[in-house]
Amino acid sequence: MANYKNRTVNLNKPFRTPKQSKKFAVYVKNPKTSNVIKVRFGDPNMSIKKNQPARKKSFLARHKCSTAKNRTTARYWSCKAWKWVKMKDFFLNLSKMQKS
């Protein structure tokens, strides 16, 4: 928890931004200045098709996600979005694997 413009916010937890210029945003602490900043990322008019391996591979290569280390950039969070897995989907797949 940290303060951003006199509000208490969760750090490093992406959230949706409806009716904004970007699809997601996240509050992070800038290590250089120790200030909390808001990083916005994602095109609101496009969907992430991370279930299609060819598209995922192309996106990760195009944005050089293997070198994205700076949490204060939109590139880092956008690359991370392609790797997110919903826990519900994870447990569904796990139960299917155990049955077979």
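## Strands and how they pair

Two strands count as paired here if DSSP finds at least two bridges between them. In this predicted model, Phe 24 sits opposite Phe 41, a residue of β5. The strand pair behind that is β4, residues 24-29, with β5: they run antiparallel and share six bridges.

Step back a little and you get an open sheet of three strands, ordered β3-β4-β5 and paired in the antiparallel sense. The edges are held by β3 (15-16) and β5 (36-41); each has a single partner strand, so one side of each lacks a neighbour in the sheet. Lying against this sheet is helix α2 (residues 74-81), which touches both β4 and β5 and points at about 55° to the direction of β5.

As for the connection, β4 and β5 make a hairpin with six residues between them. Ser 34 sits in that turn and has a positive phi of about 60°.

## The chain as a whole

Now for the bigger picture. The protein chain holds three helices and five strands, and reading from the N terminus the order is β-β-β-β-β-α-α-α. In other words, the strands come before the helices.

Of the 100 residues in the protein chain, 23% are buried. The accessible surface adds up to about 7800 Å², with carbon and sulfur atoms accounting for 54% of that. If you look at contacts between residues at least 6 apart in sequence, 34% of them join residues at least 24 apart.

## Around helix α1

How many of the ten residues in α1 are buried? The count is one, so to speak of cover here is to say that α1 is hardly covered. Just after this helix comes Lys 64, another residue with a positive phi, this time of about 50°.

## One disulfide

A search for disulfides turns up one. The partners are Cys 65 and Cys 79, with 2.0 Å between their sulfur atoms. That is inside the cut-off, which asks for cysteine sulfur atoms within 2.5 Å. The torsion about the S-S bond is -75°, making the link of Cys 65 and Cys 79 left-handed.

What does the pair tie together? Cys 65 belongs to the loop between α1 (53-62) and α2, while Cys 79 is in helix α2 itself, so the link joins parts that are 14 residues apart in sequence. Both ends are tucked away: Cys 65 is buried at 6% relative accessibility, and Cys 79 is buried at 3%.

## Aromatic rings

Across the whole structure there are five aromatic pairs. One of them is Tyr 4 with Tyr 27, a tilted pair with 4.9 Å from centre to centre and 50° between the planes. This one links distant parts of the chain, since Tyr 4 is in strand β1 (residues 2-4) and Tyr 27 in strand β4, 23 residues apart. Tyr 4 is buried, with 13% relative accessible area, and Tyr 27 is buried too, at 6%.

Tyr 27 also meets Phe 15: their ring centres are 5.4 Å apart and the planes are at 25°, so this pair counts as stacked. The angle settles that, because planes under 30 degrees apart are called stacked. Phe 15 is in strand β3 and Tyr 27 in strand β4, so the pair ties together parts twelve residues apart in sequence. Is Phe 15 buried or partly exposed? At 28% relative accessibility, Phe 15 comes out as partly exposed. Put the ring pairs together and Tyr 4, Phe 15 and Tyr 27 are linked into a cluster.

Notes: Residues are numbered from 1 along each chain as its sequence is written. This is a predicted model: local features need pLDDT of at least 70, side-chain atom pairs count only at pLDDT 80 or more; totals for chains, interfaces and linings use all residues. Side-chain values use heavy atoms; hydrogens and water are left out. Helices (H or I, at least four residues) and strands (E, at least two) are DSSP runs, numbered from the N terminus. Contact means heavy atoms within 4.5 Å. Axes are lines fitted to C-alpha atoms, for helices over the stretch in contact, and angles run from 0 to 180 degrees between N-to-C directions. Buried means under 20% relative accessible area, exposed over 50%, partly exposed in between (1.4 Å probe, protein chains only). Accessible areas come from the Shrake-Rupley method with a 1.4 Å probe; for residues, only the protein chains shown count as cover. Rings of Phe, Tyr and Trp (its six-membered ring) pair if their centres lie within 6.5 Å; planes under 30 degrees apart count as stacked, over 60 as edge-to-face and the rest as tilted.
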